[in-house]
Amino acid sequence: MSRIPLLSHAACVLLLLSGPTWADEPLSLPTARRIALDRQPMLEAEAHQVEAAREAAIAARQLPDPVLKGGVSDLTATGDNIGTLTRQNDTQFTVGIAQAFPRAAKRRLRGERADAESDLAERRLITDRLRLEREVGLAWLDVWKAHEALKLARLSAREAMLQVETMQIAYASGQKPQAEVREARVALELLRDELAKLEQDDWHARSQLSRWLGDAAYRPLPEGAAPLPEPPPLAALLESLRSHPHLDITAAEIKLAEADVRLAKQAYQSDFSVEVGYGHRPAFSDYVNLQVSVDLPVFTANRQDRGLASKQSELLRAEALREDSYREHAAEARLNHGDWTRLGARLARFDNTILPEADARIEAARLAWGAGNGSLSDVLAARRDALDTRLRRLDLETDRSRHALQLRYLASGAAGEAEPESEGVTP
């Protein structure tokens, strides 16, 4: 993956602080996503982590800081000259500088390892951005489902209210018994209770969405929006998974493990340090000294060998986790694509057969009741069942849209970006 688009994501998150607002837009799915990405604290925190990793990569290539040393040495502690600074040739004030010089290859590899950590942080930022869009979409769908269910229930409640008004007129004229009037009133009150439950569901869904959008989660939803885009064929989706941002994370973890292995191999090579000092003796000649120290990696069996074996095992672990991650995502793609396809067939059955039959049942029951061949209970039961049928279809439609959002997330592999989406998207 190119480094340039990775860096642009981190920068864009920080620049969103001065971005536009959508205070007057209806809460469509694309609008919800944009609001969630605007000033999202989680993404801002990760963008700062990316910047921190970049700065650390520069520091990792540098030499250690020099060490300033000073003190008094060879000061007599016993005898006639105890504590004197002038009667002993060896008593001296010293000052010096020590500098460690790790091998250039080690410093380079440390920098490469820090670069790998920075790359890993950037890839995690991209993946979390996509996950955020998915979570916002799923939460928005719960709000949309409650919104659509409320519309269906309100329509049934209006029909039930007209039924009650008609029954009261018929009862007043002696055409219908009081029992049927009360039966119609009970049906109306049950629908009103259903409305109260659905309003509670809407409140819960919007409260969950406010985790990502704040107060914008309580805006009205748009009407008459387009469906979600159709996901790609399963074969193409499985192929694109190899470059999914989540698998890019595992690839970055492999690079990090490879850098650790190279650094572990450098532990067999000696480093050295240099110390330069100046000694002052109050009553005698001053002097300078130069010392060089070199590491001696002679006990490699239980140190360097063990360290290298540990890092090699970590590399094998990272490679195995990458393949496991692909299998996990491939299984999710097959499951969601299969369910999306089957739910489409079920929805077609509802639209072509079940809903028309439910409406026809209501009309048949109403005509039979009007002709004196049926009962009001049959009409009310047909209406309740029709509402339940439409709510069941809504469950299927919402479920299918959830699978579509999951597939959208999984299909983000080829370019590491979600495909553009039209305004006002709903199931």
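This passage walks through helix packing, salt bridges and a nonpolar surface patch in a predicted model.

A good place to start is with two of the helices. Helix α8 covers residues 304-370, and helix α9 covers residues 376-410. Their axes come within 8 Å and cross at roughly 160°. Angles over 145 degrees count as roughly antiparallel, and α8 and α9 are therefore roughly antiparallel to each other. The crossing of this pair is left-handed.

Another meeting of chain segments can be found at Leu 141, a residue of helix α4. Along the chain, Leu 141 and Ser 401 are 260 residues apart, yet 7.7 Å is the separation of their C-alpha atoms in the model. Is Leu 141 buried or exposed? With a relative accessibility of 1%, Leu 141 counts as buried, because the word applies to residues under 20% relative accessible area.

Charged side chains come next. Side chains of opposite charge can pair when their charged atoms come close. In this model the count comes to 31 salt bridges. One of them joins Arg 262 to Glu 112, with 3.7 Å between the closest N and O atoms. This pair links distant parts of the chain, since Arg 262 sits in helix α7 (residues 245-266) and Glu 112 in helix α4 (residues 104-172), 150 residues apart. Both ends of the bridge are partly exposed: the relative accessible area is 35% for Arg 262 and 28% for Glu 112.

Helix α4 also holds Lys 151, a residue worth following through two salt bridges. Which partner does Lys 151 meet within helix α4? The side chain of Lys 151 forms a salt bridge with that of Glu 148, at 3.2 Å from N to O. These two residues are three apart in helix α4, which means that about one helical turn separates them. Their surroundings can be described by accessibility: Lys 151 counts as partly exposed at 33%, whereas Glu 148 counts as buried at 17%.

The second bridge of Lys 151 is made with Glu 223, and here the N-to-O distance is 3.1 Å. This pair, too, links distant parts of the chain: Lys 151 belongs to helix α4, while Glu 223 lies in the loop between α5 (178-213) and α6 (234-240), 72 residues away. Elsewhere, salt bridges that share partners gather Glu 51, Arg 54 and Glu 122 into one network.

The last feature is a patch on the surface. About 870 Å² of nonpolar surface is made by Phe 272, Val 276, Leu 290, Val 292, Val 294, Leu 296, Val 298 and Phe 299. Two strands, β3 (272-280) and β4 (287-294), are the elements that give two or more residues to this patch. Which element gives the largest share of the nonpolar patch? The answer is β4, with three residues. Val 292, one of the patch residues, has its place in strand β4. The relative accessible area of Val 292 is 57%, so this residue is exposed; the cut-off for that word is over 50%.

Taken together, these features can be traced one by one in the structure above. Helix α4 makes a handy starting point, as it contains Leu 141 as well as Glu 112, the partner of Arg 262. From there, Lys 151 leads on to Glu 223 in the loop between α5 and α6.

Methods: Residues numbered from 1 in each chain as written. Predicted model: local features only at pLDDT ≥ 70, side-chain atom pairs only at ≥ 80, totals over all residues. Heavy atoms only, no water. Patch = residues over 30% accessible without salt bridge, like charges linked within 9 Å, V, L, I, M, F, W, Y side chains within 5 Å. Areas by Shrake-Rupley, 256 points an atom, 1.4 Å probe, with all protein chains shown as cover. Salt bridge = Lys/Arg side-chain N within 4 Å of Asp/Glu carboxyl O. Helix = DSSP H or I, 4+ residues; strand = E, 2+ residues; numbered from the N terminus. Buried < 20%, exposed > 50% of the residue type's maximum accessible area, 1.4 Å probe, protein only. Axes fitted to C-alpha atoms, helices over the stretch in contact; angles between N-to-C directions. Parallel < 35°, antiparallel > 145°, perpendicular 65-115°, else oblique. Left-handed = near helix turned anticlockwise from the far one by under 90°.
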